[in-house]
Amino acid sequence: MVGQAVRAVGQGEREGPAVWSRGFGLFFTARSVSMLGSAMVPIATALGVGGLGYGPTGVGLALAAWMGPVALLILFGGVFADRFTPRRMMIGADTVRVVTQGLLASLFVFGTPKLWQVLVISAINGAAAAMYQPGVASTVPRVARDVQRANATLRVSESIMMLVGPGVAGAVAGFVNVGVVFALDAVGFAISAVCLLLMRLPPGPSAVAEESMWRNLRGGWLEFRSRTWMWSVILVWIIFGATLFGPLIPLGSVLIGGRLGDQAYGLVMSASGAGTILGGLLAMR
């Protein structure tokens, strides 16, 4: 019976290649186009809000409006993923971001958005990201047998997208319109949603519905708090966000973009992420 159960779990996308199965190819495409859009959005937001005349304060508020919901709601995202399955949550999050990014694109292309409109849309996007992210790690083992190599492959792709995205955003914003960057982002989320919808996944853990959401939340928090390596890494990134990334994007967009142009700012942000590609390649070893 145990052997039959193991074989049953191994059906579907787990059969075949260790990494490049059909399911992993679709997931790889979804993550890559999504990360490209995610890499472009902070630059587009900084240039767009700065161009509206709100200065570094307005840029910082727009970025904080996205990051705040992510930090506050990501535990809820994990609970909802347990109840409704990670793929449903990821597809739903992508669908929401297609709508919101399309709306933001139209505001910049056809008019002059107010700061409060950008803040509201950024907050909705942040909430959607919090619903999407918990499903990423749990999906990889279901589409690839060699999880370590699959994760390393995804990290290399994500690093490349983080390198290319700012330059693309700066070029498009400088030569065309910042609203086009948001439109491209909406297209990327649409492609991601379609790829996730086309994946055929093997049976996973049953959705959790018998316990209350608050009990599941409390259990998740206790598990998180009990793992020093996990919360310490997150603490480090919080410090980085407050002392490095937080000031870097608002001030950089105003100082560099204002003096050298939007394209120059995009190239500078691309250069800052070049080392992550080397790190991903080393991780594959």
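**Salt bridges and helix packing in an all-helical chain**

Arg 97 pairs up with Asp 94 in a salt bridge, with 3.0 Å between the closest N and O atoms. The model is a predicted one, and the pair sits in helix 4, which covers residues 86-110. Arg 97 and Asp 94 are 3 residues apart there, so about one helical turn separates them. Neither partner counts as exposed: Arg 97 has a relative accessibility of 6% and is therefore buried, and Asp 94, at 0%, counts as buried too.

That pair is one of 3 salt bridges in the structure. What links Arg 31, Arg 155 and Glu 158? These residues are joined in a network of salt bridges. On one side of the network, Glu 158 meets Arg 31 through their side chains, at an N to O distance of 3.0 Å. Glu 158 belongs to helix 7 and Arg 31 to helix 2, so this bridge ties together parts of the chain that lie 127 residues apart in sequence. Both Glu 158 and Arg 31 are buried.

On the other side, the side chains of Arg 155 and Glu 158 form a salt bridge with an N to O distance of 3.5 Å. This one stays within helix 7: the two residues are 3 positions apart, so about one helical turn lies between them. Is Arg 155 buried or partly exposed? Its relative accessible area is 40%, and with the buried range ending at 20%, Arg 155 is partly exposed. Glu 158, by contrast, has a relative accessible area of 11% and falls under that 20% cut-off, so it counts as buried. Leaving aside residues up to four places away in sequence, Glu 158 touches Arg 31 and Met 35.

The bridge between Glu 158 and Arg 31 leads on to the packing of their two helices. Helix 2 runs over residues 22-51 and helix 7 over residues 147-175; they pack at an angle of about 35°, and their axes are 7 Å apart. The crossing of helix 2 and helix 7 is right-handed. Sorted by class, the residues in this contact come to 18 nonpolar, 5 polar and 2 charged.

Where does the record place transmembrane regions? An unreviewed UniProt entry carries the annotation "transmembrane region" for residues 33-54, 60-81, 160-183, 229-252 and 264-284. In the model, residues 33-54 are 86% helix and 0% strand, with 30 Å between the end C-alpha atoms. For residues 160-183 the figures are 92% helix and 0% strand, and the end C-alpha atoms lie 21 Å apart.

Stepping back to the whole chain, how many helices and strands are there? The protein chain has 12 helices and 0 strands, so to speak an unbroken run of α elements from the N terminus on. Of its 285 residues, 38% are buried. Among contacts with a separation of 6 or more, 84% are between residues 24 or more positions apart. The bridge from Glu 158 to Arg 31, with its 127 residues of separation, is a pairing between helix 7 and helix 2.

Note on methods
Residues numbered from 1 in each chain as written. Predicted model: local features only at pLDDT ≥ 70, side-chain atom pairs only at ≥ 80, totals over all residues. Heavy atoms only, no water. Axes fitted to C-alpha atoms, helices over the stretch in contact; angles between N-to-C directions. Helix = DSSP H or I, 4+ residues; strand = E, 2+ residues; numbered from the N terminus. Left-handed = near helix turned anticlockwise from the far one by under 90°. Nonpolar A, V, L, I, M, F, W, Y, C, P; charged D, E, K, R; others polar. UniProt positions renumbered as here; feature names shortened; annotations may be inferred. Salt bridge = Lys/Arg side-chain N within 4 Å of Asp/Glu carboxyl O. Buried < 20%, exposed > 50% of the residue type's maximum accessible area, 1.4 Å probe, protein only. Contact = heavy atoms within 4.5 Å.
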